[in-house]
Amino acid sequence: MNSLYEINGQAITRFLKHYFLVIFLTGVALGLVGVFASLKIQGVKYSATSSLVQNDNNYTLVQSYTQYVQSDKFNKYMKKEIKN
């Protein structure tokens with residue numbers, strides 16, 4: 001079958017032999033540029049810390065929720081709410 005787009009094996013072999021090294025080295029070089037650019041240009045990293053503050057006139061920081069629940073202020077408040 002004679003086709004307009006008939007594949008010529010010799011032409012493909014000649015093309016690959018001639019341009020393979022150029023294409024491969026260009027791909028490796030652009031890949032390395034991309035890797036170094038992504039390492040150099042990193043996004044902003046944010047971090048935050050917070051703590052629960054107990055306000056019973058001593059201004060101490062509460063380290064955990066259980067410590068807050070066991071505090072005098074919390075117990076007095078809960079007893080008051082239960083009575084109401």
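1. Start with Phe 24. At a relative accessibility of 46%, Phe 24 is partly exposed. This residue sits in helix H1. Keep in mind that the model is predicted.

2. Phe 24 has an aromatic partner. Its ring pairs with that of Phe 20, and the pair is stacked. The ring centres are 6.0 Å apart, and the planes differ by 20°. That angle counts as stacked because it is under 30 degrees.

3. Where do Phe 20 and Phe 24 lie? Both belong to helix H1. They are 4 residues apart, about one turn of the helix.

4. Now take the exposure of this pair. Phe 20 has a relative accessible area of 52% and is exposed. Phe 24, at 46%, is partly exposed. The two labels differ because exposed means over 50%.

5. Phe 20 and Phe 24 also belong to a nonpolar surface patch. Which other residues make this patch? They are Leu 21, Leu 25, Val 28, Leu 32, Val 35, Phe 36 and Leu 39. The patch covers about 920 Å².

6. How many aromatic pairs does a search of the whole structure find? The search gives 2. One of them is formed by Phe 15 and Tyr 19. This pair is tilted, with 5.1 Å from centre to centre and 45° between the planes. The angle is neither under 30 degrees nor over 60, so the pair counts as tilted.

7. Phe 15 and Tyr 19 lie in helix H1, which spans residues 9-40. Their spacing is 4 residues, about one turn of the helix.

8. Are Phe 15 and Tyr 19 buried, partly exposed or exposed? Phe 15 is partly exposed, with a relative accessible area of 46%. Tyr 19 is partly exposed too, at 39% relative accessibility. Buried would require a value under 20%.

9. Step back to the whole chain. The chain has 3 helices and 2 strands. Read from the N terminus, the order of elements is α-β-β-α-α.

10. What share of the 84 residues in the chain is buried? The figure is 5%. The accessible surface of the chain is about 8500 Å². Carbon and sulfur atoms account for 62% of that surface.

11. To find these features in the model, begin at helix H1, residues 9-40. Look for the tilted pair of Phe 15 and Tyr 19. Then find the stacked pair of Phe 20 and Phe 24. From there, trace the nonpolar patch, which includes Val 28 and Leu 39.

Terms used
Residues numbered from 1 in each chain as written. Predicted model: local features only at pLDDT ≥ 70, side-chain atom pairs only at ≥ 80, totals over all residues. Heavy atoms only, no water. Phe/Tyr/Trp six-rings, centres within 6.5 Å; stacked < 30°, edge-to-face > 60°. Buried < 20%, exposed > 50% of the residue type's maximum accessible area, 1.4 Å probe, protein only. Patch = residues over 30% accessible without salt bridge, like charges linked within 9 Å, V, L, I, M, F, W, Y side chains within 5 Å. Areas by Shrake-Rupley, 256 points an atom, 1.4 Å probe, with all protein chains shown as cover. Salt bridge = Lys/Arg side-chain N within 4 Å of Asp/Glu carboxyl O.
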